[in-house]
Amino acid sequence: MGLTGRRETSTSNFRRYFSITSFISMVVAAILLAAFYRWIALNDLVELGERHNVALTQAFSNSLWPRFSLFLRRTVSLSSDEIRTHHDTAELRKAVLAQMRGLSVLKIKIYDLTGRTVFSTEARQIGEDKSSNAGFLSARSGKVASELTRGNTFGAFEGAVENRDLIASYIPIRRGDPTAPIEAVFELYYDVTPLLQKTQRTQWVLLSGVLPILGLLYCVLYFVTSRFVTSRVQRALKRALAEKGELVEVLGQRVAKLTAAEARLLALSDVNVAITSTLDLRSVLTTLLETIDAVLPNMALQIWLVDRQSGQIERAACLNLDEADWKGRKLKDTPPLVKEAMSTRTPAVVRNIQTDPRAGDSEYFRRQGVISYLGIPLAVKERVLGVLVFLTKEDHLFANEEIEFLTTLAGQAAIAIENSQLYEQSRIQAGELEKSNAAKDEFLQVLARQKEELSRLNAGLECEIAERGRARAELAAKNRDLETLLYVTSHDLREPLRAIENFSRMINERYRDRLDDKGQDFLRRVILGSQRLNRLLDDILMLSRSQRMGAPTEEVDGESIVLETVKRLEGKIGATDAQIHVAKDFGGLRVDKVWATQAVYNLIANALKFTRDGERPVVEIAPYRPNGPDSSAIGIVVRDRGPGIAPEHTERIFQLFQRAVGREVEGTGAGLAIVRQIAERHGGNAWAKPREGGGCEFIITFSQNEPVEGGKNNGHATDGNPLS
């Protein structure tokens with residue numbers, strides 16, 4: 001064989017060995033790449049499922065554990081059959097089903113610290129002993145344990161399911177503080193079949209992308225080894241490298257999309273864990289905004305929520321915006337884009353919010369420097385809780401994948417917000433119920449004490465009634481005796497008073513010429529003292545009689561009372577040259593006419609008696625209605641322009657024998673006391689107050705048992721005809 005033959009043989013062997021080696025290398029590289037990707041994906045999936053299970057367990061601990069922890073501790077003394085048939089087991093199952101409805105959770109178990117199964121959504125497993133299970137032992141020591149498993153046939157909430165990939169987690173249950181002692185162990189089976197299937201599809205996509213690249217690489221290398229000496233080989237190699245670069249770029253884009261999908265899935269998990277770690281609404285909103293900001297740092301956020309009581313949409317929370325400006329601006333109505341997202345239950349997307357007519361307040365968005373807008377409704381089942389708004393400060397086109405991801409995120413947020421609102425409502429109702437029960441117990445105690453007190457009072461009521469009857473009879477007899485005594489005393493005193501006055505007058509008339517000025521002054525004082533004592537006896541008798549006044553039974557025209565009084569005082573009016581003004585429209589008064597006339601007489605006589613030095617008395621008499629025609633206490637007001645009364649004396653002058661002036665003005669000090677006594681016997685009152693510009697105003701009122709027609713003069717005198 002010549003040199004050419006050996007070269008061809010050597011080349012043929014080289015090509016054969018190169019082909020076999022390259023093929024084996026490509027297969028091994030593809031298998032290793034697929035295995036490495038599957039290992040990474042499964043580890044991420046287990047970690048994601050474990051965090052999801054821990055979050056669900058925390059939510060369960062916050063909402064259901066306080067209600068059923070006491071029952072689960074009592075299962076120590078119950079048999080397995082007794083636990084299965086216990087009423088609280090059924091209630092716990094209902095509560096767990098309600099809590100986990102709509103989630104990818106197939107089974108839940110609860111173990112006590114001895115490893116005994118005290119609750120399972122699959123009732124036949126209650127009572128099983130898991131004390132030697134490695135996952136249980138890890139959780140009891142405080143460490144969460146999780147594993148990926150596959151069940152061919154699996155008992156779930158709603159029946160048996162087949163061929164499912166599950167993440168089983170053993171999680172310690174603590175109440176409140178993370179450092180609190182472990183009370184039980186929670187086992188949760190989370191269905192990750194869709195996620196695992198998606199991972200497998202991604203693996204095959206990766207293989208389908210890698211194998212052509214490796215095949216092309218093999219072809220290129222084979223071609224290079226065959227034709228490396230020719231320029232044609234070089235050109236082909238350049239083209240192959242260019243195609244390889246394009247394929248690598250396509251593969252990189254696919255890997256980037258897969259990486260972004262995994263990042264979004266991880267972000268959703270982080271958001272879910274964060275917002276389910278508490279049930280306080282304010283904390284949920286703050287955590288939600290901070291978590292979204294960590295995932296999407298270049299966006300401003302707003303949350304609008306519907307108030308459960310008023311039904312109005314309100315501004316709840318925001319981030320990366322001026323909160324005072326956002327909440328402080330006055331809105332005539334709910335922004336149109338928020339309304340649109342809530343009414344259509346679909347995202348509202350605006351490329352430039354500063355120019356879009358649906359913005360409602362474009363100036364606000366210009367002031368905040370935001371451009372693009374995305375509003376996603378926060379919906380749970382058929383109810384829309386509000387809107388989650390994403391804003392960017394640069395022109396941004398929200399892609400469909402991005403909108404889909406943010407919609408999923410908003411759905412998780414809506415569930416957490418609704419749970420917080422329901423928790424707050426249940427907490428308020430529990431507090432109100434507790435207060436109601438405490439009030440009920442207190443009311444029953446008070447009722448029992450009142451019943452006991454009522455029995456005691458009823459026992460002595462008849463004795464008290466009889467005693468009061470005797471007391472009233474004795475009081476009536478004493479009043480009659482007092483009246484007789486006053487009358488007899490007055491009558492017996494009047495005789496010597498008349499004698500003193502008459503004899504003093506006779507001495508003054510017969511022996512005036514024989515008496516000096518001092519003697520005549522003594523006689524004058526004796527006569528005046530007798531007259532004053534006579535008037536005092538009359539006033540005392542009148543005050544006594546006024547206390548026995550009967551209830552008025554008919555209406556009397558107020559104007560007739562005033563005119564009759566003025567007529568009786570014509571002598572004094574003429575003597576003082578007084579001017580009297582009587583208003584109109586007094587209306588009807590339910591009074592005893594005789595006593596009402598006496599009261600008005602005393603008031604007008606007072607006004608004539610107290611005048612300023614050298615001035616003519618001016619007296620105004622008008623109806624008094626403090627609160628209009630419908631008042632139940634109406635009366636008469638008498639105004640004068642006399643010297644007036646100091647404010648500190650306005651009450652004292654209505655007391656018996658009390659005067660605001662000395663003896664220089666005649667009087668007994670009983671006239672105003674009689675006026676008040678008459679007013680009080682009629683259910684009214686009498687008082688005085690100074691007038692502006694001088695003088696005084698005296699008011700007497702009478703209670704009316706039924707509405708009395710009267711005039712429209714509300715206590716102000718109108719000019720009548722002056723009487724002089």
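Cys463 is exposed, its relative accessible area being 54%, whereas Cys696 is buried, with a relative accessible area of 2%. These values derive from a predicted model, in which 0 disulfides are found.

The largest nonpolar core of the model comprises 41 residues, among which Ile580, Ile604, Ile621, Ile636, Phe698 and Ile700 touch the most other members. Two or more residues are given to this core by each of helix H14 (558–568), strand E12 (579–582), helix H16 (593–609), strand E14 (618–624), strand E15 (633–640), helix H17 (671–681), strand E16 (686–690) and strand E17 (696–703). Helix H16 supplies the largest share, 10 residues. A second core, separate from this one, holds 29 residues, including Leu288, Ile303, Ala317 and Leu378. In soluble globular proteins, nonpolar side chains tend to be buried together.

The strands E12, E14, E15, E17 and E16 also form a sheet. This sheet is open and has 5 strands in the order E12-E14-E15-E17-E16, with mixed pairing. Its edge strands, E12 and E16, each pair on one side only. From one strand to the next, the twist averages 15°. The pairing of E12 with E14 is parallel and extends over 4 bridges; Val582 stands opposite Ile621 of E14.

Another open sheet of 5 strands follows the order E7-E6-E10-E9-E8, and its pairing is antiparallel. Strand E7 (313–319) and strand E8 (348–350) occupy the edges; each has a single partner strand, so one side of each is left without a neighbour in the sheet. Neighbouring strands here are turned against each other by 15° on average, direction ignored. Within this sheet, strand E9 (residues 372–380) and strand E10 (residues 383–392) pair in the antiparallel sense over 9 bridges, and Gly375 stands opposite Val389 in E10.

Two helices accompany the antiparallel sheet. Helix H8 (residues 281–295) packs on the sheet and touches strand E6 (299–306), E7 and E10. The direction of H8 makes about 45° with that of E7. Helix H10 (residues 336–344) lies across E6, E7, E8, E9 and E10, and runs at about 130° to E10.

Key
Residues are numbered from 1 along each chain as its sequence is written. This is a predicted model: local features need pLDDT of at least 70, side-chain atom pairs count only at pLDDT 80 or more; totals for chains, interfaces and linings use all residues. Side-chain values use heavy atoms; hydrogens and water are left out. A nonpolar core is a set of buried Ala, Val, Leu, Ile, Met, Phe, Trp, Tyr and Cys residues joined through side-chain atoms within 4.5 Å. Buried means under 20% relative accessible area, exposed over 50%, partly exposed in between (1.4 Å probe, protein chains only). Two strands pair if DSSP finds at least two bridges between them. Axes are lines fitted to C-alpha atoms, for helices over the stretch in contact, and angles run from 0 to 180 degrees between N-to-C directions. A disulfide is a pair of cysteine sulfur atoms within 2.5 Å. Contact means heavy atoms within 4.5 Å.
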